[in-house]
Structure formats: C-alpha cells, structure tokens
Amino acid sequence: MPSTVFTGIAELVTNDAALDGADHTEHLGCLHDAAVVVQDGLVAWVGRAAQAPPADERCEVGGRAVVPGFVDSHSHLVFAGDRSAEFAARMSGVAYDGGGITSSVNATRAAGDDELRALVAARVAEMRAQGTTTVEIKSGYGLSVEDEARSLRIAAEVTSETTFLGAHVVPLEFADRRADYVEMVTGEMLAACAPHARWIDVFCEPHSPHAFTEDEARVVLCAGRDAGLGLRVHGNQLGYGPGVRLAVELGAASVDHCTFLSDADVEQLAAASESTVATLLPGVEFSTRSPYPNARRLLDSGVSIALASDCNPGTCYSSSIPFVLALAVREMGLTPAEALVAATAGSAKSLRRNDIGVIRAGGRADLTVLDAPSYLHLFYRPGVPIARVLEPGCRADHAPLRP
Ligand code: NIG
Ligand code: FE
C-alpha cells in the first residue's frame, strides 16, 4: 500500500504524552501546523509539517483540525423495531425500568439475518459519518441461544469489540424461572456465544424487576471469565446499587452508566483506576430525563473515565459522539479537553487497547477530521455535523476551510 502524508492540519490532537514539541495542556498532546504519515492502516510518523518525511501521496486537509477517531466503547446496535412512543412517554414523565426491552427482543427475533445485518451496517455508517472509528457492539436483544449467537455473529462482521449480553433482562418466557435463565446464560448460551465475543456484560440493577441481582450478575460474570471473556458491567443506572462494587471486585475493564454513585463507589473506582474505567453515557440521561452523573467529581477523585453513546432503541437512540461530548461539557462539569480525552483515550482504555484513541507512530491510523480549525469547535458548535472519519488515501475532498 502506498504511504500518504496528511498536511495542512491546523491543529492535531494526539493524546500522546511523549510527543516532542507538543502542547500537553490537559493531556491533549496538541501540535499546530502538523502532518501525519499513514501506511497500511498505521501511523508511520507524526510531527510538524515542516519536518514531514516524503510519502507516495499527499493529502491536504485545508487548515482543519484532526483528532483521534472517536472510540465508542458501549453500544447495542443489533436490534430491529422502534420504541419512539416509549421515548415520548418518558418525556411526559413515565419512568424507565427496562420493561421496553421485551419489545425490541420480539422485533429482533422476528427479523431475518440480512435485515439485521443491514440495520447494523446503517448504524455503523452513521457513526463513521460522525467521526467514530471503533465501536463496541453488544448482543442482548436475542435472549435465546440461537438469537444471541446470531446477534454476535453479525456484530463480529463489523467489529472485533463484541460483547455477549445474554444477561440483559430475563425474557418473558423465563419470568417465573429466573434461576433457569441464569443457568442457560452461563451454560448453553455462553458456549454458543463465546466464540464470537471478546467481552461479557450484565445488566446488574436491583431497581429493575427485569434485570439481574448482584448474586446473579456475579455468577454470569464469573462464568464468562472462565470462558476467557473480559468483563464489563451495566451498573448504578437507575439508583444506588452493587454494580460498581461488583465490577471492581472482579476486575472488570469497565462499569457503565454510573449515574448514581455513593462516596464508597467513587473511592473504589479511584483505587481501581488502572484496571476499571467508569464509562459515562450522558445520551441516556438525556433520553430518560435522568440526572447526569458528576464527571468532575470522578476526575477530581482520580477515577478513570470514558464517554460512549450506548446507542440502543430504548434509553438512547443516538449514535453521535459529538452529542455526547457536548452533554459531558455542558451538563457533567468536564472541560472540552477532558471530554475529548474521555471519548478517545479513555474509552480505548476501557477496551484495554493502546493502539487506538491516540495518534502515535505504530498505532492505528484512525483519524477524525473536523470542518473547523480547532477541536474546541466540537463543543462551540453543538449540533453542527463538523466531524467525520478521515478516509485513507485522500479519497475525501478537503477544500480549504474558510475562516
Ligand atoms: O444500556 N440498561 C440496560 N440496557 C440498555 C437499554 C436497553 C433498552 O432499553 O433497550 C442501556 O441503557
Ligand atoms: Fe447499554
């Protein structure tokens, strides 16, 4: 593959603390008048444009900002059906309790493979059109052995970050037999799904009659760990509860939502900041009219945080990381720089990856270009579609940016 040098980068956010000559304010590793050389999908060189080595092709980005591609470390893209009426009811005051998941399960089970595949592909394309270069995708709307395995097979066609979420809710046909469902999830279903999954997740939530208790969640996670899967947890979404404690106890890579956190939860997350990331999903608070978690308190306490979309049909049908970034700054007390780091390097850490979420030689060439001279415009111009993935080989048109 020919090498390409991207030039005309007014501002390059690298997240690389070791980059020579960069302005490291707020961990961004920011370079001005920068260039990046890309070959075979990897970054070969990063630095000031004046020092760029020769390359086979040259792509001028016209005075734009370039940032690490967004890492969306939490999504549920494999589903069919529509729950917009449930959203409207919530906006009129109806509370979310996970009960609507049944409707998505029914629609997903009824969909053909090609229909589901097309739905997933369209949602991934929507994400790329907004600057996301890595997406984690969970199952969880099949809830039978066949339908969970099928969901993961389809997810694995578009990402290596696949997560088995058979323990999303107890399906209706098992409503009076919860223990039997947990036994199936940890037995036959796990065996069918593990070959297609990197992670296992569980909706641990005592405030929902449909989700799983601490003890049930521990059994599910330990079975997944024994099958070689990494651990993730949906926790502390609807009220104070055991999710964070359990995630830290088991060394999960991520505990997601963290909407209701006690002081003890925050202390445990801070002590586990090298291993367990608190993944915040403010699109959910927006779409369920819930209070936003206090991200400022988490960062000031030494907790590792990530930001992700949670794109799903119930609690947040938005695939937009720029929307999440804007909410995190406006509603959760983060600076723009902290929010951008959380949605790139932070979410990469929650996936235990160091080849993404950063622009450095040897890492993946996952670059997002902004129709703006600075990353600050992601926050300064909310709702304006300025972010998109920078295609390799200069296939996109980059007319000079007008002031
Ligand atoms: O992450 N909380 C559990 N699962 C999803 C929502 C699922 C749904 O309502 O369809 C979430 O919010
Ligand atoms: Fe989720």
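Mentor: Let us begin with a definition: two residues are in contact if their C-beta atoms, placed from the backbone, lie within 7 Å. Please keep in mind throughout that this is a predicted model.

Trainee: Which residues does Ala328 touch, leaving out those up to four places away in sequence?

Mentor: With those sequence neighbours not counted, Ala328 touches Leu280, Pro282, Ala295, Leu307, Leu334, Ala339 and Ala342.

Trainee: Which residues have the most contacts inside the largest nonpolar core?

Mentor: Ala328 is among them, together with Val36, Leu307, Leu325 and Ala343. The core itself has 123 residues. Helix α11, residues 321–332, supplies the largest share of this core, namely eight residues. The core also draws on both domains, with at least three residues from each of domain 1 and domain 2.

Trainee: How is the protein divided into domains?

Mentor: Domain 1 is made of two segments, 3–68 and 357–390, while domain 2 covers 71–350. Their C-alpha centres lie 30 Å apart. The contact between the domains takes 20 residues from domain 1 and 21 residues from domain 2. On the side of domain 1 that touches domain 2, the elements giving two or more residues are β4 (57–68), α13 (377–380) and β15 (387–389). Of these, β15 gives the most, with three residues.

Trainee: Let us turn to the sheets. What is the strand order of the open sheet of six strands?

Mentor: A sheet is read from one edge to the other, noting the sense of each pairing. Here the order is β3-β2-β1-β4-β14-β15, and the pairing is mixed. One pair in the antiparallel sense is β1 (residues 4–13) with β2 (residues 30–39), joined over seven bridges. Within this pair, Val13 stands opposite Cys30 in β2.

Trainee: Why is one side of β3 and of β15 left without a neighbour in the sheet?

Mentor: Both β3 (42–48) and β15 stand at the edges and have a single partner strand each, so one side of each lacks a neighbour in the sheet. As for twist, neighbouring strands of this sheet are turned by 40° against each other on average, direction ignored.

Trainee: How does the open sheet of seven strands pair, in parallel or antiparallel fashion?

Mentor: The pairing is parallel, and the order runs β7-β8-β9-β10-β11-β12-β13. The edge strands are β7 (137–138) and β13 (305–307); each has a single partner strand, so one side of each is left without a neighbour in the sheet.

Trainee: How many bridges join β12 to β13?

Mentor: Three bridges join these parallel strands, β12 comprising residues 277–280. Here Leu280 stands opposite Leu307 in β13; both residues are also on the list of those that Ala328 touches.

Trainee: What is the handedness of the β-α-β unit that contains β7 and β8?

Mentor: To read such a unit, one follows the chain from the first strand over the helix to the second. The unit formed by β7, helix α4 (residues 145–156) and β8 is right-handed. The two strands pair in the parallel sense over two bridges, and Ile137 stands opposite Thr162 in β8. Next along the sheet, β8 and β9 are parallel partners over three bridges, with Phe164 opposite Ile200 in β9. The chain passes from β8 to β9 through helix α5 (residues 178–193), and this crossover is likewise right-handed.

Trainee: Is strand β8 mostly covered or hardly covered?

Mentor: Strand β8, residues 162–167, is mostly covered, since the cut-off for burial is 20 or more other C-beta atoms within 10 Å and six of its six residues are buried. Helix α1 (residues 84–91) is hardly covered: the number of buried residues among its eight is zero. Just after α1, Gly93 takes a positive phi of about 110°.

Trainee: Why does Val185 count as buried?

Mentor: Val185 counts as buried because it has 29 C-beta neighbours inside 10 Å. The residue lies in helix α5. Apart from neighbours within four places in sequence, Val185 is in contact with Gly166, Ala167, Leu190 and Val220. The C-alpha atoms of Val185 and Val145 are separated by 8.1 Å, although the two residues are 40 residues apart along the chain.

Trainee: Which strands does helix α7 lie across?

Mentor: Helix α7 (residues 243–250) lies across β9 (199–204), β10 (230–235) and β11 (254–257), and runs at about 170° to β10.

Terms used: Residues numbered from 1 in each chain as written. Chains lettered and ligands numbered in written order. Predicted model: local features only at pLDDT ≥ 70, side-chain atom pairs only at ≥ 80, totals over all residues. Core = buried A, V, L, I, M, F, W, Y, C linked by C-beta atoms within 7 Å. Buried ≥ 20, exposed ≤ 12 C-beta atoms within 10 Å, placed from the backbone. Helix = DSSP H or I, 4+ residues; strand = E, 2+ residues; numbered from the N terminus. Domains from an automatic or database assignment. Pairing = 2+ DSSP bridges. Axes fitted to C-alpha atoms, helices over the stretch in contact; angles between N-to-C directions. Right-handed = clockwise from strand over helix to strand, strands pointing away.
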